[in-house]
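Trainee: I would like a close look at one part of this model, the aromatic rings. Could you start with the whole and then zoom in?

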Amino acid sequence: MSDAKNIARFLKHIRAQCRKLDVVFRLSKSEGINSGDGDERLRGIFISPTTENYGSLRVAVKNRRVSEWIVDVAHEYVHMMQWFRGDRLYEDHFRGDVSYAKLEAATEKEAQ
């Protein structure tokens, strides 16, 4: 199967998972995503849903090759799955008990 078909299948899977979990999935035609923490712009972000709002999984794609942004999609998808399965490392990070670097290292490893 070609890379393009694999990517299309992967994106279809992510869209389906996001619908099930009340998460809006967007490939943003921008160079960065607002983090919500001031002026910082990110390549991608996952925000878990709340009882009041849908969640969000967004990745910036403007001026980037598919081979670059698809890695960010996979990374943010792993964060969504960490949230969904109640991953202890993910939860501990958001309680302030685990460093951002440790969470990101684990996420990168799983995303590969």
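Trainee: How many Å² does the accessible surface of the chain come to, and what percentage of that belongs to carbon and sulfur atoms?

Mentor: Happy to help! The chain has an accessible surface of about 7500 Å², and 49% of this belongs to carbon and sulfur atoms. Such areas come from the Shrake-Rupley method with a 1.4 Å probe, and for residues only the protein chains shown count as cover. Please keep in mind that this is a predicted model, where local features need pLDDT of at least 70 and side-chain atom pairs count only at pLDDT 80 or more, while totals for chains, interfaces and linings use all residues. Residues are numbered from 1 along each chain as its sequence is written, and side-chain values use heavy atoms, leaving out hydrogens and water.

Now for the layout. The chain contains four helices and five strands, in the order α-β-β-β-β-β-α-α-α along the sequence. Helices (H or I, at least four residues) and strands (E, at least two) are DSSP runs, numbered from the N terminus. Of the 112 residues, 40% are buried; buried means under 20% relative accessible area, exposed over 50% and partly exposed in between, with a 1.4 Å probe and protein chains only.

Let us zoom in on the rings. The structure holds four aromatic pairs. Rings of Phe, Tyr and Trp (its six-membered ring) pair if their centres lie within 6.5 Å; planes under 30 degrees apart count as stacked, over 60 as edge-to-face and the rest as tilted. One of the pairs is Phe 46 with Trp 83: the centres are 5.9 Å apart and the planes stand at 50°, so this pair is tilted. Phe 46 belongs to strand β4 (residues 44–47) and Trp 83 to helix α2 (residues 66–84), so the pair ties together parts that are 37 residues apart in sequence. Phe 46 is buried, at 9% relative accessible area, whereas Trp 83 is partly exposed at 26%. Together with Phe 84, Phe 46 and Trp 83 form one aromatic cluster.

Another pair is Tyr 90 with Phe 94, also tilted, with 4.8 Å from centre to centre and 55° between the planes. Both residues sit in helix α3 (residues 88–94), four residues apart, or about one turn of the helix. Tyr 90 is buried, with a relative accessible area of 7%, but Phe 94 is exposed, at 56%.
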